[in-house]
Amino acid sequence: MNLRILTLLTLIILPSLVWSKSGTDLPNIVIVMADDFGLGSSEPYGANTDVVRTPAIARLAEEGLTFDQAYVTASVCSPTRYAMLTGQYSWRSRLKFGVINNNDPLLIDPDRPTIASWLQDQGYQTGHFGKWHLGYKAEKFDNLLGEISPGPNDVGFDYHFGVPNNMDDLHKIFVENRQIYGLRSDKISSYGKAFYGKPYAGYDAPQRNEIEVMETITEKAVNWIDKRNEEQPFFMYFASVAVHHPIMPSDRMRGTSAGGAYGDFIHDLDYAVGQLIGALEHRGLLENTLFIFTSDNGGDIPSDEIRPERQAMAAGLNLNGNTRGDKHMIYEGGIRVPFIVSWPGKVQPNQRTRAFVTTADIFSTLSELVTGKAPDASVAAPDSFSFANVLKDP
């Protein structure tokens, strides 16, 4: 092939690698953040398939780019989620250590740009589904009765269907936008009584059935896609409750792995990812969707040998791969996470990279891909650095 032909082919091919930054060609964006999902718990990162199988996560890797040096900004969830959404470390906020408690106010300043509000400004519809764990209301509160504001709707999300903290939190309900989902009255009948061995608030509303939470939030997410304005791109932040304790796999997945309840719960996570991929594919949206899969921190390895996590390890699952430590620790087992980016036709398939990234870098990356430039650090995302160039050339 002579140089002239090669140059001509290059000019033909290169435009297809340039991301569109205007109109209805803007990509849809889906971020799936798993909970306590360690580096070695999925097939792309070496999970033992005799113990667990993660075909949906594996598909993302086969169709996209897998990062081998991806990190979170803390080894517990609230600060990681804060940093991902705002592009700044949580120590710049009031949260210097630890996580948000059951009745803590909203951690994100409503005046601070988030990925969601930034994308809203670019014409995106935005939705959050699943675990929130960033607080509600302006001040510490006794209960979630009344209008729940400020909250996700005040920091960029058009729609929110969330688990306030964790599956075993005090509230035991879902929150939809600015109110308790299905609330029937302001009656609180059972505060302080045991529910799965822990206190619960006793709101007069549907109580979460923990083995159905993954299915519920996934259905809500798919329904939201169907109800979207087809003239606008959308951003979805899907925050899985799996595989954080309590380990409560669904009836569908119970007994499907050789890793016990914990392996089954991993199957629930992968099933949800597959449902989202399938929903996009069947609606003709997958080709123009940037899909990111990651976790909020490393896997939790309890000391108690009878805990489900330890039983899965005994069966051959290496939760955090060949790293040291686990959740709550500053060793790599606590902060190094799976990170996969799939975008058909834009990100080349079946690629791996050792480029160093953190989940806080997602903000600037999306900004560059959508607007052509990263945000001004004096305005937004001061600790976020774009890895858009890595997506183009791993």
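Start by selecting Asn 350, which is exposed, with a relative accessible area of 59%. You are looking at a predicted model, and Asn 350 is an easy way in. The residue is in the loop that runs between strand 11 (339–342) and strand 12 (351–358). Check its backbone: phi is positive, about 55 degrees, although Asn 350 is not a glycine. For context, most residues other than glycine have a negative phi, and most peptide bonds are trans. Both halves of that rule will meet exceptions on this tour.

**Asp 36, another positive phi**

Next, select Asp 36. It too is a non-glycine residue with a positive phi, here about 60 degrees. Look for Asp 36 in the loop between strand 1 (28–34) and helix 2 (55–62). Is Asp 36 buried or exposed? With a relative accessible area of 2%, Asp 36 is buried.

**Two cis prolines**

Now go to Pro 150, in the loop between strand 3 (125–131) and strand 4 (159–163). The peptide bond joining Ser 149 and Pro 150 is cis, with omega at about 0 degrees.

Then jump to Pro 246, which sits in the loop between strand 9 (234–239) and helix 6. Here a cis peptide bond links His 245 to Pro 246, and omega is again about 0 degrees.

**Arg 178 and its surroundings**

Return to Pro 150 and add Arg 178 to the selection. The two are 28 residues apart in sequence, and their C-alpha atoms are 8.2 Å apart in space. Arg 178 belongs to the loop between strand 5 (175–176) and strand 6 (179–180). Its relative accessibility is 30%, so Arg 178 counts as partly exposed.

Which residues does Arg 178 touch, not counting residues up to four places away in sequence? They are Gly 146, Glu 147, Ile 148, Ser 149, Asn 153 and Asp 154. Ser 149 is one you have already met, as the partner of Pro 150 in the cis bond. Draw a distance between the side chains of Arg 178 and Asp 154 to find a polar contact of 2.8 Å.

**Ser 75**

Move on to Ser 75, in the loop between strand 2 (64–71) and helix 3 (77–86). At 9% relative accessibility, Ser 75 counts as buried. Its side chain reaches the backbone oxygen of Met 329 at 3.2 Å. To see the surroundings, show Asn 297, Lys 327, His 328, Met 329, Gly 334 and Ile 335; these are the contacts of Ser 75 once neighbours within four places in sequence are left aside.

**Helices 5 and 6**

Select helix 5 (residues 213–227) and helix 6 (residues 260–282) together. They pack at an angle of about 10 degrees, and their axes are 10 Å apart. That angle makes helix 5 roughly parallel to helix 6. On the helix 5 side, show Met 214, Thr 218, Ala 221, Val 222 and Ile 225. Facing them from helix 6 are Phe 265, Asp 268, Leu 269, Ala 272, Gln 275, Leu 276, Ala 279 and Leu 280. Coloured by class, this contact has 10 nonpolar, 2 polar and 1 charged residues.

While you are here, pick out Tyr 271, which also lies in helix 6. Tyr 271 is partly exposed, with a relative accessible area of 31%. Leaving out residues up to four places away in sequence, Tyr 271 touches Arg 252 and Met 253. For a long view across the model, link Tyr 271 to Thr 371: they are 100 residues apart along the chain, and their C-alpha atoms are separated by 33 Å.

**Helix 9 and the cores**

From Thr 371, turn to helix 9. Of its 10 residues, 8 are buried, so helix 9 is largely enclosed by the rest of the structure. The buried ones are Ile 362, Phe 363, Ser 364, Thr 365, Leu 366, Ser 367, Leu 369 and Val 370. Just after the helix comes Gly 372, with a positive phi near 95 degrees.

Finish with the largest nonpolar core, which has 58 residues; Phe 67 and Phe 235 touch the most other members. Helix 9 (residues 362–371) supplies the largest share of this core, 5 residues. Centre on Phe 67 and show its contacts beyond four places in sequence, among them Tyr 45, Phe 339, Val 341, Phe 387 and Leu 391. Apart from this core lies another, of 52 residues, including Met 167, Val 241, Met 248 and Tyr 262.

Note on methods. Residues are numbered from 1 along each chain as its sequence is written. This is a predicted model: local features need pLDDT of at least 70, side-chain atom pairs count only at pLDDT 80 or more; totals for chains, interfaces and linings use all residues. Side-chain values use heavy atoms; hydrogens and water are left out. Axes are lines fitted to C-alpha atoms, for helices over the stretch in contact, and angles run from 0 to 180 degrees between N-to-C directions. Helices (H or I, at least four residues) and strands (E, at least two) are DSSP runs, numbered from the N terminus. Angles under 35 degrees count as roughly parallel, over 145 as roughly antiparallel, 65 to 115 as roughly perpendicular and the rest as oblique. Contact means heavy atoms within 4.5 Å. Ala, Val, Leu, Ile, Met, Phe, Trp, Tyr, Cys and Pro count as nonpolar, Asp, Glu, Lys and Arg as charged, and the others, Gly among them, as polar. A nonpolar core is a set of buried Ala, Val, Leu, Ile, Met, Phe, Trp, Tyr and Cys residues joined through side-chain atoms within 4.5 Å. Buried means under 20% relative accessible area, exposed over 50%, partly exposed in between (1.4 Å probe, protein chains only). A polar contact is a pair of N or O atoms within 3.5 Å; within protein, one must be able to donate a hydrogen and the other to accept it, and residues adjacent in sequence count only if both atoms are side-chain atoms.
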